[in-house]
Amino acid sequence: MLVTSAQSGESGGMPQLNPEFWVSQIFWLVLTFGLLYIILSKLILPKISNNLESRKSQILENIETAEKQREESEKQLKEFEKIILESKLEAKNYFNEARQKILDDINNKRNALDKEIDNEVNAAEQEIINLKNASSEKIKNIAIETSSELIKQLIGEEANNSSISAIVEEQSRKIEEKQNGV
Amino acid sequence: MYQFNVYRIGPEIKLGSVDISFTNASLFMVISTLAVLIIFNLGAKKKSLIPDKIQLLAELSYSFVSKMISDTAGSKAKPYFSFIFSLFMFVLFCNMFGMIPYSFTVTSHIIVTFALAAFIFIGVTIIGFIKHGLGYLKLFVPSGVPIVLLPLIVIIEIISYLSRPVSLSVRLFANMMAGHTMMKVFGGFVISLGIIGGWLPLSFSVALTGLEILVAFLQAYVFAILTCIYLNDALNLHH
């Protein structure tokens, strides 16, 4: 407090009311503030205003481009989906075609094979039948020959071939009947 | 009150018979002006889309003052933007530089604030008369007032209009001076109470410093916004 009162006592009341430097203060105020106003208004503020404007327009532009790009990408996505769908369909078609082809091929081959097998089987059956027939004929002949031979040796005279063959025929028919019938 | 003393720096400069010497007040006016110019020049130089700190500072100040003007005085006040901006920044920086210990507060001198306020008052009055001619006088005749009361109201309006420069200048000057004086008084208490009792006023001083920084900003803002309001009266004739 002592210091304060001593200092204020020195200057004698409020220095603000001492008019000694009033003109000087006004002069320098006008000079500095005038300079500040001129430089700010002519050089600096237009630049800041420009910066703000250009940022605003830049942002708007960017938003516009982003919007455009988004739309384009959406379009492309749709196209892409379409392509995928189409290719899926195509693949399905290809698959079906191939399957059909293979199935046809298999059927054809199987049919051919079946036919071949049938033919072979038929041929074999025919052969078997032929062989059977031939063998039964041969057996009969052998039976007749052996019978006549046996009769000749037993009795010593020629037996009637036709009657022997008739007996053999009858016997063989009986056997056949037995085999088939029972 | 030593901190409010104005003293000559360098030689005495005379323009005719008047003393316009460079003083500590002039020094701080120059410092504030240069600080504003340097900061805003740096802020305006760069043109990056994403601003750095100093550019952001400049652009935020620009938008802040721009919004303040358009809110209070409308779009007609656009041409006066540069002036209001300079005024706000000048007062703000003078106030803020005054917060540095051992510095000088330009705005704590009534002559400085009164010169600014008088210039604003005269300028606003001229703008009013240019825009509205003698119709500007309608400002003193509010509508919807009974005839009997009208003479009284007109006198009150005229007095209130004429007291604008005084109230504008005294408000800023008194706030700055009172704040600094209070800090000085509390600082004096710290010394006189010594190391035992001095802590209480010291903590007050710290708190007051924060308050004074707020006041420094607020008074600059009030000064600018009142200028806007006066400008609004001159441009739009509200009464």
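## Briefing: a two-chain predicted model

Chain B has seven helices and two strands, where helices (H or I, at least four residues) and strands (E, at least two) are DSSP runs numbered from the N terminus. Its partner, chain A, gets by with three helices and zero strands. This is a predicted model, in which local features need pLDDT of at least 70, side-chain atom pairs count only at pLDDT 80 or more, and totals for chains, interfaces and linings use all residues. Residues are numbered from 1 along each chain as its sequence is written, while chains are lettered from A and ligands numbered from 1 in the order in which they are written.

**How far to trust it**

- For the complex, the predictor reports an ipTM of 0.91 and a pTM of 0.73.
- Chain B has a mean pLDDT of 91, with 99% of its residues at 70 or more; pLDDT is the predictor's confidence in each residue, from 0 to 100.
- Within chain B, strand S1 (residues 14–15) has the lowest confidence, at a mean of 84, and helix H3 (residues 81–98) has the highest, at 95.
- Chain A averages a pLDDT of 85, and 92% of its residues score at least 70.
- In chain A, H1(A) is where confidence is lowest, at a mean of 42, whereas H2(A) is where it is highest, at 91.
- Go easy on the start of chain A: over residues 1–11, pLDDT stays under 50. For that stretch the model has 14 contacts beyond four places in sequence, a contact being two residues whose C-beta atoms, placed from the backbone, lie within 7 Å.

**Chain A on its own**

- Along the sequence, the pattern of chain A reads α-α-α.
- Chain A has a radius of gyration of 65 Å, well over the 16 Å that the globule rule gives for 182 residues, so it is more spread out than a compact globule. The radius is taken over C-alpha atoms, and the globule rule is 2.2 Å times the number of residues to the power 0.38.
- Taken along the principal axes, the C-alpha atoms of chain A fill a box of roughly 195 × 45 × 25 Å.
- Burial comes to 8% of the 182 residues in chain A. Here, buried means 20 or more other C-beta atoms within 10 Å of the residue's own, exposed means 12 or fewer, and partly exposed is in between, with C-beta atoms placed from the backbone.

**Chain B on its own**

- Starting at the N terminus, chain B runs β-β-α-α-α-α-α-α-α.
- The C-alpha trace of chain B spans about 65 × 55 × 45 Å along its principal axes.
- Of its 239 residues, 31% count as buried.
- Among contacts in chain B with a separation of 6 or more, 63% are between residues 24 or more positions apart.
- Helix H6 (residues 164–197) and helix H7 (residues 199–236) of chain B pack at about 175° with axes 9 Å apart. Axes are lines fitted to C-alpha atoms, for helices over the stretch in contact, and angles run from 0 to 180 degrees between N-to-C directions.
- H6(B) and H7(B) are therefore roughly antiparallel. For the labels, angles under 35 degrees count as roughly parallel, over 145 as roughly antiparallel, 65 to 115 as roughly perpendicular and the rest as oblique.
- The residues in the contact of H6(B) with H7(B) split into 19 nonpolar, six polar and three charged. Ala, Val, Leu, Ile, Met, Phe, Trp, Tyr, Cys and Pro count as nonpolar, Asp, Glu, Lys and Arg as charged, and the others, Gly among them, as polar.

**Where the chains meet**

- The contact draws 35 residues from chain A and 41 residues from chain B.
- On the chain A side, helix H1 (2–11) and helix H2 (22–155) each supply at least two residues.
- H2(A) brings the largest share of that side, 24 residues.
- By class, the chain A side has 22 nonpolar, 11 polar and two charged residues.
- The axes of H2(A) and helix H1 (residues 24–45) of chain B come within 10 Å and cross at roughly 5°, so H2(A) and H1(B) are roughly parallel to each other.
- The contact of H2(A) with H1(B) holds 15 nonpolar, eight polar and one charged residues.

**Two residues to click on**

- B:Val30 sits in helix H1 of chain B and is partly exposed, with 15 other C-beta atoms within 10 Å.
- The C-alpha atoms of B:Val30 and B:Leu226 are separated by 25 Å, with their positions 196 residues apart along the chain.
- B:Tyr102 lies in the loop between H3 and helix H4 (110–132) of chain B. Its phi is near 70°, a positive value in a residue other than glycine.
- B:Tyr102 is exposed, with 5 other C-beta atoms within 10 Å.
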